[in-house]
Amino acid sequence: MSSSSSIESILTENRSFPPPAEFSKDARVKTLIDYESLYARAERDPEGFWAEVASDLQWATPWKHVLQGAFPTDARSPGVTWFAGGTLNASVSCVDRHAQSWRKNKAAIIFEGEPGDTSVITYGQLHREVCKAANALTALGIKAGEFVAIYMPMVPEAAIAMLACARIGAPHTVVFGGFSAEALGDRIRDCGAKAVITADGGWRRGQILPLKDNVDKAVEGTTVEHVVVLERCSNPIAWHGRDKWWHEVVDSASSKHEPKAFDSEHALFSLYTSGTTGKPKGILHTTGGYLTTTAYTTKMVFDLRDEDVFWCTADIGWVTGHSYVVYGPLANGATVLMYEGAPNQPGPDRFWDIIAKWGVTVFYTAPTAIRAFMKWGDEHPARHDLSSLRLLGSVGEPINPEAWMWYRKQIGGDRCPIVDTWWQTETGSIMISPLPGATPTKPGSATRPLPGIDVDVVTKDGVSVGANQGGFLVIKRPWPSMLRTIWGDHERYVQTYFSEVTGCYFAGDGARKDADGYFWIMGRVDDVINVAGHRLSTMEIESALVSHPKVAEAAVVGRPDELKGQAIVAFVTPRSGMVADDALAKELREHVATQIGALARPEEIRFAEALPKTRSGKIMRRLLREVASGSAARGDTTTLEDQGVLEKLAQSYAQEE
Ligand code: WT7
């Protein structure tokens, strides 16, 4: 960040923006006092509060217990259940009840493909399509409890596929289309998926993502029996006995489907996310609790109305796409916009063109995108009529005050409130966020926890720290959309989230709370890095690097990056006899892209004869981070085994720059 922008950050950090009166007037929660009394009500009686929220869904049979159990303390404790004894079908709450109401002819999904093709699907149509897809999956022999992997572009059929899985009780695991065949294969193997739903390809920056080719490689030697292929780009693909066209199996299926009700704790989906080891974690979410909190937070945080056109730009391959493209908005009977492609295709104003064209009212995106828009220039949004917008949202990483101010002015016309929402794959839904009609905002702060959510900043012993002191961000009480386990590794679940800080869910983020009780997220305190809002594990990239025959050792760190938040820098020690040159660097970057996906490709590879290690052999990533970000290593280096290593690394840096 330039020095003028950091001065601006300091100046704006303590600025507070009251919710616009125009917005508060009709908002669901109109004042800070109303927010506080709602929060207090939830705190007094959490179960009563969540029971009331859950009754917004359509239940087949009522629950017997709102909350049972507590945060697990060891691998044998089962953990919590929400709404036990209750049964429901998630697709009924998201689709059927709207299709059977006045919303039957209301747009559920407005779709725009990257090439410019568009379609609008009403709730009535969505209902028929979900029923057909559910019948098609059942005809293929998919049963409740069997995983289905979804590897698709951002097209309506992706949402239909998710809802169809939910309808038959088959948990889905959506894999982002940017992940490689290898990464897809790992996820399929981990959950034992029986089928994959994909497309021949998807459009991205005018190019075709070869989704089906990747699936062909990924499913070899796995449990997958069927691959259902949507025709999207009509690109040439190979065809195997396990393959079936979507238009053949789905279009011909019956549009009548009697939904079965599942237990509230029935698995709805797993979603893989990076942790501190080399192996991604299958975060498991269940039905009743997940849907309760996603539906509730969508309604409250986005102050959702029936007239809204809600656009969350996240891909369905991320939790944001699950909760705020599919389940949350549809449970509310909202109109969602889905866009398939890149924000700068064909030009840097594509998003603004879409907002003006469809009259988008609520826009939810990531800081990394906002910073890219800033760089591309103010003239692009200025060319379009953005007056339909009434609310803006941000998610995925801390938003720097400079980007916040730009977003407010250039996109929101100084008129729209901004909700900076903090949450995680694990939390399932938004935990800390302003309520747009009630909470004064401070650029860079996600403000305060939502009613029903008990967050704090604590020391390792679980003791609250004072105002403006750094500590660990924790959640102190179970909430309905919390993850229930890591698929196949309950021990890792307990270890990762409930062992670090006594009696709490540990989020992995550092934070501080200011004197007004506002939370300022300071980023990950573990070996997880956040690149353009995508979560990556340094260990995962390191294991990809050391799997290359020319690599002896590797250490990966994040360095601050103006656009992406963090950029990946890999320190690599080649095997002896290998030439450390640009060609090898290129080869290694490609290798990581093949192993994980283009999003994990290191920005920079630095060759080093040796890596800085402690006497016990632990790589000192803190020192590497400092070297990577160009600052001389500060702090304690007394545990460093070979002081010379650090000097050499710093010198190699000085020479390069
Ligand atoms: C991590 C979770 C939640 C959907 C997208 C990412 C960071 C997320 C914010 C925010 C500061 C944020 C945290 C968190 N993060 N939102 N508003 N302010 N940091 O989900 O991949 O599970 O990543 O993203 O570090 O732990 P995810």
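## Surface and charge

The protein chain exposes about 24500 Å², and carbon and sulfur atoms supply 51% of that area. These values belong to a predicted model.

The chain carries 68 positive and 80 negative charges, and the mean positions of the two sets lie 3 Å apart.

## Burial and contacts

Of the 657 residues in the protein chain, 61% are buried, where buried means under 20% relative accessible area.

Among contacts with a separation of 6 or more, 72% are between residues 24 or more positions apart.

## Overall fold and dimensions

The secondary structure of the protein chain consists of 21 helices and 31 strands. The radius of gyration is 24 Å, close to the 26 Å that the globule rule gives for 657 residues, so the chain is as compact as a globular protein of that length.

Taken along the principal axes, the box filled by the C-alpha atoms is roughly 70 × 60 × 60 Å.

## The hairpin of S25 and S26

Strand S25 covers residues 505-513 and strand S26 covers residues 519-524. The two strands run antiparallel and are joined by 5 bridges. One residue pair can be named: Asp 509 has Arg 524, in S26, as its bridge partner.

Between the strands of this hairpin there are 5 residues. In the hairpin, Gly 517 takes a positive phi near 80 degrees.

How values were computed:
Residues numbered from 1 in each chain as written. Predicted model: local features only at pLDDT ≥ 70, side-chain atom pairs only at ≥ 80, totals over all residues. Heavy atoms only, no water. Helix = DSSP H or I, 4+ residues; strand = E, 2+ residues; numbered from the N terminus. Rg over C-alpha atoms; globule rule 2.2 N^0.38 Å. Buried < 20%, exposed > 50% of the residue type's maximum accessible area, 1.4 Å probe, protein only. Contact = heavy atoms within 4.5 Å. Areas by Shrake-Rupley, 256 points an atom, 1.4 Å probe, with all protein chains shown as cover. Lys, Arg positive; Asp, Glu negative; His and termini not counted. Charge placed at Lys NZ, Arg CZ, Asp CG, Glu CD. Pairing = 2+ DSSP bridges.
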